[in-house]
Amino acid sequence: MSAGPDPQADPGALLAALPGPPQGPAELLAAWFDTPLGGMIAVADQERLHLLEFLERAALPAELRRLAARGRIGPGRTAVTDRTEAQIAGYFAGERAAFDLPLVLHGTDFQQQVWRELQRLSAGTTTSYAELARRIGRPSAVRAVARANGANQIAVVIPCHRVIGSDGGLTGYGGGLWRKQALIRHEAEGFRVAKGRAGAENPGEKA
C-alpha cells in the first residue's frame, strides 16, 4: 500500500497556528504517527479520542480550531493515543477489521446518528449515501447524510470511506480519493488474506 504523492503536513505548525496562546496545562493532547497511507494526527484526552485525521486533510486546520475552542490543545500523547496507534497499525497489517476505541463525537444529533451507523458497516463492504439515509430512517435526507459523512473527523475508525456513489463510483473523501480507493482495496483484499491465514479466528477481535 503506497503512501501516495501528497507531501506530509507539519503537525507542529498546525498546532502553533491555533488561535490564542496556551495558558495552563493542555486539556487535549495531539500526536502524529505514520501509516502506509501517510501520517495521521490523533487528538485525545486521558480517556477518549476526539480526532483522528490524515495530515493532508484540507479541513484539518478548521477541525483543530473548533476543538481548541472546547479545550486547549498541546503536543503530547495519552494512553488513548497509544491504543489508537496500535489499533490502526493492526488494521493496516490486516490483523483487525474493527476498533474498540473510546470516542467523543463532536457533532449534531443527526451527524452522530450517521456516524454511529457508519460504525456498523463491516470492513470489506460498501454502501451508498441513499442506502445510508434509508438505514437511519431518513430516506429523503441523502444530501444531509453526505454532508455528515464528510464532516466525520475520526477517519478509518468511523469508516466514511466505505460510502460510495449509487452508481458504484468513488465520491469525495477528505483524505483524498486515492486514499479512499486504497482503504477499500485493503479491506476487500487484505482482510480476506488475513482471515485465510487466521482460519476461523476473527481478526476484529484481536487486541
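**View 1. Ile 41 of strand β2 has Glu 53 of β3 as its bridge partner.** The two strands, β2 and β3, run antiparallel and are joined by 5 bridges. A word on terms: strands (E, at least two residues) and helices (H or I, at least four residues) are DSSP runs, numbered from the N terminus, and two strands count as paired if DSSP finds at least two bridges between them. Please keep in mind that this is a predicted model, in which local features need pLDDT of at least 70 and side-chain atom pairs count only at pLDDT 80 or more, while totals for chains, interfaces and linings use all residues. Residues are numbered from 1 along each chain as its sequence is written, and side-chain values use heavy atoms, leaving out hydrogens and water.

**View 2. Four strands line up as an open sheet.** The order is β3-β2-β1-β4, and the pairing is mixed. At the edges sit β3 and β4, each of which pairs on one side only. Direction ignored, neighbouring strands of this sheet are turned by 25 degrees against each other on average. Helix α2 (residues 60-68) packs on the sheet and touches β1, β2, β3 and β4; contact here means heavy atoms within 4.5 Å. The direction of α2 makes about 165 degrees with that of β3, where axes are lines fitted to C-alpha atoms, for helices over the stretch in contact, and angles run from 0 to 180 degrees between N-to-C directions.

**View 3. Strand β1 and its two partners.** How many of the residues of strand β1 (residues 28-33) are buried? The count is 5 of the 6, so β1 is largely enclosed by the rest of the structure. Buried means under 20% relative accessible area, exposed means over 50%, and partly exposed lies in between (1.4 Å probe, protein chains only). With strand β4 (residues 73-75), β1 runs parallel and shares 3 bridges; Leu 28 is partnered there by Ile 73. With strand β2 (residues 40-44), β1 pairs in the antiparallel sense over 5 bridges, and Leu 29 has Ala 44 as its bridge partner. The hairpin of β1 and β2 has 6 residues between the strands, and in it Gly 38 takes a positive phi near 105 degrees.

**View 4. Leu 49 and its surroundings.** Leu 49 belongs to strand β3 (residues 49-54). This leucine is buried, its relative accessible area being 0%. Leaving aside residues up to four places away in sequence, Leu 49 touches a list of residues including Ala 42, Val 43, Ala 44, Val 80, Leu 101, Leu 103 and Ile 154. Thr 81 lies 32 residues from Leu 49 in sequence, yet their C-alpha atoms are 7.4 Å apart in space.

**View 5. An aromatic cluster of Tyr 91, Phe 92 and Phe 99, linked by ring pairs.** Rings of Phe, Tyr and Trp (its six-membered ring) pair if their centres lie within 6.5 Å; planes under 30 degrees apart count as stacked, over 60 as edge-to-face and the rest as tilted. By this rule the count is 2 aromatic pairs. Tyr 91 and Phe 92 meet edge-to-face, 5.0 Å centre to centre and with 80 degrees between the planes. The rings of Tyr 91 and Phe 99 have centres 5.7 Å apart and planes at 40 degrees, so that pair is tilted. Buried or exposed? Tyr 91 and Phe 99 are both buried, and Phe 92 is buried too, with a relative accessible area of 11%.

**View 6. Arg 179 over the ring of Phe 54.** The charged end of Arg 179 sits over this ring, 4.6 Å from its centre. A charge sits over a ring if NZ of Lys or CZ of Arg is within 6 Å of the ring centre and within 35 degrees of the ring normal.

**View 7. Val 156 has a positive phi.** Most residues other than glycine have a negative phi. Val 156 is not a glycine, but its phi is positive, at about 70 degrees. Where is Val 156 placed? Look in the loop between α6 (142-151) and β6 (163-164). At 1% relative accessibility, this valine counts as buried.

**View 8. The whole chain, for orientation.** The chain has 7 helices and 6 strands, which follow the pattern α-β-β-β-α-β-α-α-β-α-α-β-α along the sequence. Of its 207 residues, 47% are buried.
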